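Here's a set of exercises to work through with the model open beside you. Try each task before you read its solution.

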Protein chains: 2
Amino acid sequence: MRTTTTIAETRAFLDGARAGGATVGLVPTLGSLHGGHTSLMARAAADCDVVAVSVFVNPLQFGVGEDFAAYPRDVDADAEVVSRSGVDLLFVPSVEEMYPEPVRTTVSVSGLTTRLEGSSRPSHFAGVATVLAKLWNIVGPCRAYFGEKDWQQLAVVRRLAADLSFPVEVVACPTVREPDGLAMASRNAYLDPAERAAATVLHRALLAGVAAVEAGERDPAQVRATMAAVVGTEPLAELDYAEVVDATTLDPVDPLTGELRLLAAVGLGRARLIDNVGVLAD
Amino acid sequence: MRTTTTIAETRAFLDGARAGGATVGLVPTLGSLHGGHTSLMARAAADCDVVAVSVFVNPLQFGVGEDFAAYPRDVDADAEVVSRSGVDLLFVPSVEEMYPEPVRTTVSVSGLTTRLEGSSRPSHFAGVATVLAKLWNIVGPCRAYFGEKDWQQLAVVRRLAADLSFPVEVVACPTVREPDGLAMASRNAYLDPAERAAATVLHRALLAGVAAVEAGERDPAQVRATMAAVVGTEPLAELDYAEVVDATTLDPVDPLTGELRLLAAVGLGRARLIDNVGVLAD
């Protein structure tokens, strides 16, 4: 496995691979790699001739007062995980390499980004879209792999790729969960044992919402209340939102019909965790 | 010469050319091609193995009340010009091909885009940056040719390419002028004979500003006043702005020093014309 820290080396390696006829898969990450990431790498390795993983804690996608400085970083552990995952290139740029001067260019996606995560994190998705546009320009034509855990991000990324005709195929991969249902996430590292035990409430709340829809509930307010009630049973968990929306547009649906997505966010000590599940209301 | 109307054909043609080892030059235009455009095509043909010209009147870069509907369009005349200019590919997409659904993704460049043209046209440069990001993604790695007549656009385009690491080399080409000094521009077609005669005031004002700097004037207000006074001699011309700024950052400079750019915009009947010239103050 090759490790690069510069844009030029990365581009040269992947342009060379494509020139030799190889297809390229990209797994863009913030590092602190876990089973969710390795599932993306495994899928990329199955689909593509050459797999690149980027590890970059992108300051643009952290808001004021968020955990940019504290975000878990362990380059050696990440390199070890990547080296065991059939990856050909690990790209670990510094902030100075990615943003040698203050970035004046911003890529934003309207509509999809104001509600849900966007309510709490108003500049988050512009930071994500901007760094992805840059990563895609560095990596070149590829398939890019994203986890469904970040469902709203996935919708934004798909729209970004389509609107600007990036030569990138966005591939969504299922959320990977711990045995007790907690979605794998780098920020789970923030949880102390009591919070870790309490964290299962997020997935349990979503499953309760799904059960309500499957039992015939078509009032979104009732489904939201069902999810909120489950979160309310856990004293350590603070509900940010629990919503049910159209799975593709993320718009409200009332009465509930079609492909739906239930999404929720809770605070648990220092951590803010998100999760989502799908359900069909026909 | 090949003419394409779809993104897929265009990408296939140019990917094929690059796969065969060819370098690609791109001249992005709004059509209504004139001597300024043909100078870009000639430069691209001299530099690159394959030259692509895009003709697309991009609605995103026209503001409310601007001349999107009236903007001169003549596809046959443009095709004739292009076919005589050593061009290999003419890409003429429809609005529906470029924007099959309402565009939610916007690329914006801060700082450079609020003053000068940005004051009169607040959404203009975001429209330019968004369509260029899309065109570059369609065309792929290339040299892209822009005229210095749109100096502020050139600064925005360079920043866009650098910030997002597009695999694009931005090449600036000198403004092409009519024998009486008027910069060639598609909107010159709006001028009636009296306005056409009056239009030379724009370049004359800029040259008066340059002469003032070369004579030792270092007060930007005096240089602005010199340029405004020249425009004021022409009853048909309405001054929008006449400024002197740092040539690279477009920031104000006081006292004047270094590489400067003098930029002005005037209204003349239906037309709004812009021009600029450079001068060194050492």
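**Exercise 1. Work out how β9 and β10 of chain A pair, and then place them in their sheet.**

Start with the pair itself: strand β9 (residues 258-268) of chain A and β10(A) run antiparallel and share 11 bridges. Strands here are DSSP runs (E, at least two residues) and helices are too (H or I, at least four), both numbered from the N terminus. Strands count as paired if DSSP finds at least two bridges between them. To fix the register, take Val266(A), which stands opposite Leu273(A) in β10(A).

A word on the ground rules: this is a predicted model, where local features need pLDDT of at least 70 and side-chain atom pairs count only at pLDDT 80 or more, while totals for chains, interfaces and linings use all residues. Residues are numbered from 1 along each chain as its sequence is written, and chains are lettered from A and ligands numbered from 1 in the order in which they are written.

Now widen the view: the open sheet has three strands in the order β8-β9-β10 (chain A), with antiparallel pairing. β8 (237-246) and β10 (271-281) of chain A each have a single partner strand, so they stand at the edges with one side lacking a neighbour in the sheet. From one strand to the next, the twist averages 15 degrees. Last step, the helix: α10 (residues 220-232) of chain A packs on this sheet and touches β8 and β9 of chain A, and its direction makes about 155 degrees with that of β8(A). Touching means contact, with C-beta atoms, placed from the backbone, within 7 Å; axes are lines fitted to C-alpha atoms, for helices over the stretch in contact, and angles run from 0 to 180 degrees between N-to-C directions.

**Exercise 2. Describe the hairpin of β9 and β10 in chain B.**

Count the bridges: β9 (residues 258-268) and β10 (residues 271-281) of chain B pair in the antiparallel sense over 11. For a register mark, use Leu262(B), whose bridge partner in β10(B) is Val277(B). Then look at the turn: two residues lie between the strands, and Gly269(B) takes a positive phi near 60 degrees.

**Exercise 3. Trace the strand order of the six-stranded sheet in chain A.**

The order is β1-β4-β3-β2-β6-β7 (chain A), in an open sheet with parallel pairing. Check the ends: β1 (2-4) and β7 (168-173) of chain A are the edge strands, each pairing on one side only. The twist averages 25 degrees from one strand to the next. Inside the sheet, strand β2 (residues 24-29) of chain A runs parallel to strand β3 (residues 50-55) of chain A, with six bridges joining them. Val24(A) has Val50(A) as its bridge partner in β3(A).

**Exercise 4. Characterise the packing of α6 and α7 in chain A.**

First, the geometry: helix α6 (residues 124-139) of chain A packs on α7(A) at about 45 degrees, with axes 10 Å apart. That angle makes α6(A) oblique to α7(A) (under 35 degrees is roughly parallel, over 145 roughly antiparallel, 65 to 115 roughly perpendicular, the rest oblique). Next, who meets whom? Phe125(A), Val128(A), Ala129(A), Leu132(A) and Ala133(A) in α6(A) meet Gln153(A), Val156(A), Val157(A) and Leu160(A) in α7(A). Sorted by class, that contact has eight nonpolar, one polar and no charged residues (Ala, Val, Leu, Ile, Met, Phe, Trp, Tyr, Cys and Pro are nonpolar, Asp, Glu, Lys and Arg charged, and the others, Gly among them, polar).

**Exercise 5. Find what chain A brings to its contact with chain B.**

Tally both sides: 22 residues of chain A are in contact with 22 residues of chain B. On the chain A side, β5 (105-109), α6 and α7 each supply at least two residues. β5(A) gives the largest share, five residues. By class, the chain A side has 11 nonpolar, seven polar and four charged residues. Finally, follow β5(A) across: β5(A) pairs with strand β5 (residues 105-109) of chain B in the antiparallel sense over five bridges. Val109(A) stands opposite Thr105(B) in β5(B).

Terms used
Contact = placed C-beta atoms within 7 Å.
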